[in-house]
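Here are a few short exercises to work through with the model open beside you. Try each one yourself before reading its solution.

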Amino acid sequence: MIARVWSGTTRAEDAEAYAGYLDLTGVPDLRDTPGNRGVLVLRDVDDDRATFLLVSLWDSLASVEAFAGPDPTRARYYPEDERFLLHAPERVTHYEVLTAPAEVA
């Protein structure tokens with residue numbers, strides 16, 4: 001199993017709106033891609049910034065490519081991301097999952 005990990009930063013006052021935007025765009029796209037085993041959206045609000053960590057779990061790198069395209073390390077963005085994000089990295093990181101909850105393993 002593969003974990004695809006992305007992080008981005010918004011202003012703290014945009015944290016709720018961006019979480020809602022993720023629920024309408026990226027999260028359903030991830031979940032609807034064959035080979036996806038689950039999605040975690042994590043958030044840390046600290047003073048004037050909110051950092052989002054999105055972890056998606058996949059059967060294989062081929063499954064990730066079905067979502068991300070031929071370069072699976074390239075981050076995928078949606079039209080309104082630019083409005084919210086202060087930091088939007090070009091790349092994501094992939095990890096081999098060694099231990100996972102039984103529901104996704």
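**Exercise 1.** Decide whether R11 is buried, exposed or partly exposed.

*Solution.* Begin with the value for this predicted model: R11 has a relative accessibility of 30%. Next, bring in the cut-offs: buried means under 20%, and exposed means over 50%. R11 therefore counts as partly exposed, because its 30% falls in between.

**Exercise 2.** Find where R11 sits in the chain and which residues it touches, leaving out those up to four places away in sequence.

*Solution.* First locate the residue: R11 belongs to strand β1, which covers residues 2-11. Then look for its contacts, with residues up to four places away in sequence set aside. These are D48, R49 and A50, together with R83, F84 and L86. To finish, try a distance: from C-alpha to C-alpha, R11 and Y78 are 18 Å apart in space, with their positions 67 residues apart in sequence.

**Exercise 3.** Work out whether N36 is buried or exposed, and what its side chain reaches.

*Solution.* Start with the place of N36, which is in strand β2, residues 36-46. Its relative accessible area is 17%. Since buried means under 20%, N36 is buried. Now follow the side chain of N36: one partner is the backbone nitrogen of G38, at 2.9 Å, and another is the backbone oxygen of L57, at 3.4 Å. L57 turns up again among the residues that N36 touches, a list that also holds L30, R31, S56 and W58 and leaves out residues up to four places away in sequence.

**Exercise 4.** Describe the order of helices and strands along the protein chain.

*Solution.* Count the elements: the protein chain has 4 helices and 5 strands. Then read along the sequence, and the pattern is β-α-α-β-β-α-α-β-β.

**Exercise 5.** What radius of gyration would a compact globule of 105 residues have, and what does the protein chain have?

*Solution.* For 105 residues, a compact globule would come out near 13 Å. The protein chain has 14 Å, so the two agree. For the overall extent, its C-alpha atoms fill a box of roughly 35 × 30 × 20 Å along the principal axes. Turn next to burial: 41% of the 105 residues count as buried. Finally, consider contacts with a separation of 6 or more: residues 24 or more positions apart account for 69% of them.

**Exercise 6.** How many positive and negative side chains does the protein chain have?

*Solution.* The tally is 10 positive and 19 negative, and the centres of the two sets lie 3 Å apart.

Key
Residues are numbered from 1 along each chain as its sequence is written. This is a predicted model: local features need pLDDT of at least 70, side-chain atom pairs count only at pLDDT 80 or more; totals for chains, interfaces and linings use all residues. Side-chain values use heavy atoms; hydrogens and water are left out. Helices (H or I, at least four residues) and strands (E, at least two) are DSSP runs, numbered from the N terminus. Buried means under 20% relative accessible area, exposed over 50%, partly exposed in between (1.4 Å probe, protein chains only). Contact means heavy atoms within 4.5 Å. The radius of gyration is taken over C-alpha atoms; the globule rule is 2.2 Å times the number of residues to the power 0.38. Lys and Arg count as positive and Asp and Glu as negative; His and the chain ends are not counted. The place of a charge is taken as NZ of Lys, CZ of Arg, CG of Asp or CD of Glu. A polar contact is a pair of N or O atoms within 3.5 Å; within protein, one must be able to donate a hydrogen and the other to accept it, and residues adjacent in sequence count only if both atoms are side-chain atoms.
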